[in-house]
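Open your viewer, set the display to cartoon, and colour by chain. We will go stop by stop, selecting one piece at a time.

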Amino acid sequence: MGSISALHYLKPTRTANGTSLFNFSKNRISQLPVAFRSYTVKSSVLETPDVPRLAETARISLNSQEIEEFAPKIRQVIDWFGQLQAVDLQSIEPAIRADTEGDNLRGDVPEKFENREELISAVPSFENPYIKVPKVLNKE
Amino acid sequence: MALTFLRGIQLNPSMLYPSSYFARKHGVLYCCMRNAQTQTATQEKEQTKLKVSTQSQPKAVDKFLKDFEAVIGIETHVQLSTLTKAFCSCPYNYGSPPNTSVCPVCMGLPGALPVLNSKVIECAVRVGLALNCKLSLNSKFDRKQYFYPDLPKGYQISQFDVPIASGGYLDVDLPLEYGGGHRKFGITRVHMEEDAGKLLHTDGGSYSQERAPSHLNIHASHCNVMAIDVDLNRAGVPLLEIVSEPDMRTGIEAAEYAAELQRLVRYLGVGNGNMQEGSLRCDVNISVRPIGQLEFGTKVEIKNLNSFSSMSRAIDYEISRQVELHNQGQIDQIVQETRLWEEGAQKTVTMRKKEGLADYRYFPEPDLPGVTLTEEYVDSIRESLPELPEDKRRRYEKMGLSMQDVLFLANDINIADFFDTTTAGGADIKLAANWIMGDIAAYMKNEKVTINEIKLTPQELGELIASIKDETISGKIGKEILFELIAKGGTVKGLIKEKDLVQIVDTAEIEKMVDKVIADSPKQLEQYRGGKTKLQGYFAGQRLATDEESILTGDNLDITNKWKHLIRAFRSFADHQN
């Protein structure tokens, strides 16, 4: 039983060394449904990009110099999108997708991909019949 | 760490009782959950062991359980039995050699674009309608980002804020063994998504703490321990995720909800619902609260439930674990986490603690258009729906069948179809039910075959029932014919003729026989007239003895029956003579 409380003590450490990936997520997820559902809400300010976090979620390692270099560029992109926030949507019915002509569906007809050999040969580590990958912690 | 914790529980004698309280009932569960796998020796041992403690323990925990209420919600993943995957034309067959059914789309190669299988929408609409849901005529797919080698794209195509169906319910009849009763469980939502590949953890070797690089860069040089085998055949196979309201209160209710979902997908023909193959996967969320408290307790998720009975047992174990922690004033020990059901040990153990919700960074899938349903399309599917299990049960009930018959027959769509075809031909309802549930079910169980694999047709069962009813053959002969029909096929009429099994109902012929017997035995006839009625037997025997050849033809003669007829005929003859 003591071991469970011990785990709580461990938490900050794990966060600090970055093993636990998603501690920041609590705020994030609660914002998501709002962002999706309230189409008419005009938010004036967009979040400042947190480049280290972005890098982490994209599984890219950046050094501090790269972070400094990328931050203003990403900021620029976000500001560019930010212009959309100025559009008045008060009287517009929300569209869930911005499309298109038709559903573009296909029938349920099996078709084997012919060039499987090439697909498999492009796998960095393949030991017939399996693709080999490193053991990974933290599924989510 | 989890093991230490549970060892602590085991040593606590009062903890043994709640598990046994539930374990006691599970012998019965196997009867009602007809698809449950066979009981293993381990379980049996476990239960016996626990039973001992049941007797020595006071009723204390019973009382504790009464003060608490469990709140259970279930997330079910139903694999759809489409011929191809959700977003590419790769065929999917369970058990194919690993990584043989793959293409650039399901392997997540750059530039490959998904195209939705129309059958997936059809299945989703069928299930949505069958679950009494409101359908979204406009829905869409979203990307759920997560990084794990079972989905090489780095995200799962799913539905987030606009599921294709929501706000329904499922009607369930609880097994009679648990007191029966009808329940209505709410369905929160049904959405479409893709399955992930299979990971096989091959060795117990050390793992690397190093996080895997982006999927395009997975390479041995990044990580020196290659410990997971990946099979991507299942990646991209269509799933429906069905989320229930937290409406269940017991393991039995939860297991029956899942069994009903399985029945539903089989009736609808959208999936095979096979739990062992993972075509139906249930994750259970469970919390416990003192009765009267409005807010929910901390919920725990249980995974690795691959049969209805393990589901029921896992839930009951988890309820007693959480109630016990309440009673020991250790509510803070109930933490939001995912626990695994261990079949061997019959308990749940910590798999991982949740440290805040995962950040899936959902956004609308840019590679797919929205999903639009027209009213006409929905109506056409509504009209094509088969009779659903609940409707079937209510209909059977109205036909006058007992609840036990109703639950048995409606449990399996194939058996229900067999029964329906038999009775549609005019066969007596109760007799048809009895034959199916009795001798036919016993045969299927012994020979491990399904009703579709036996040679008997519903038409011949109807014929058999009619032949017994009009006394062409006796019930006993009927049974013999039945087994012949089940194993070898053929027709009732053909078998009766071939084996000369017709009961002698031609009285003229019998009288002729009896005449001969009487003429041969004048002495005995005198005695019979004098009151020695036991001589009936003599005459009948005499008849059989003297004229065996001509009557006893065929191997499977129902001698008793002939005796009865002879005696009856003789009595009427003798009385007449008087």
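**Stop 1: a sheet shared by two chains**

Start by selecting β1(A) and strand β2 (residues 130-133) of chain A: these strands run antiparallel and are joined by 2 bridges. Show E127(A) as sticks, then add Y130(A), its bridge partner in β2(A). Keep in mind as you look around that this is a predicted model.

Now bring in β9(B) and β8(B). Together with the two strands from chain A, they make an open sheet of 4 strands, with antiparallel pairing and the order β1(A)-β2(A)-β9(B)-β8(B). Which strands stand at the edges? They are β1 (126-127) of chain A and β8 (198-201) of chain B; each has a single partner strand, so one side of each lacks a neighbour in the sheet. As background, strands of a sheet pair through backbone hydrogen bonds, either parallel or antiparallel.

**Stop 2: the rest of chain A**

Select the whole of chain A and trace the cartoon from its start. The pattern along the sequence is α-α-α-α-α-β-β, which comes to 5 helices and 2 strands. How much of chain A is buried? Of its 140 residues, buried ones make up 6%. If you draw a contact map for chain A, consider the contacts between residues at least 6 apart in sequence: 52% of them join residues at least 24 apart.

**Stop 3: the domains of chain B**

Hide chain A and colour chain B by its domain assignment: domain 1 covers 2-364, domain 2 covers 389-499 and domain 3 covers 507-577. Zoom in where domain 1 and domain 2 of chain B touch; 11 residues from domain 1 and 8 residues from domain 2 take part in the contact. On the domain 1 side, highlight β6 (165-173) and α7 (251-268) of chain B, each of which supplies at least two residues. The largest share of that side, 5 residues, belongs to α7(B). Colouring this side of domain 1 of chain B by residue class gives 4 nonpolar, 1 polar and 6 charged residues.

**Stop 4: a covered helix**

Finally, select residues 308-327 of chain B, which form helix α8. From first C-alpha to last, this helix of 20 residues reaches 29 Å, close to the 28 Å expected at 1.5 Å a residue. Is α8(B) mostly covered or mostly uncovered? Mostly covered: 17 of its 20 residues are buried. Step just past the end of α8(B) to G329(B), where you can check the backbone torsion: phi is positive, at about 65°.

Definitions and conventions:
Residues numbered from 1 in each chain as written. Chains lettered and ligands numbered in written order. Predicted model: local features only at pLDDT ≥ 70, side-chain atom pairs only at ≥ 80, totals over all residues. Domains from an automatic or database assignment. Contact = placed C-beta atoms within 7 Å. Nonpolar A, V, L, I, M, F, W, Y, C, P; charged D, E, K, R; others polar. Expected span 1.5 Å × (residues − 1). Buried ≥ 20, exposed ≤ 12 C-beta atoms within 10 Å, placed from the backbone. Pairing = 2+ DSSP bridges.
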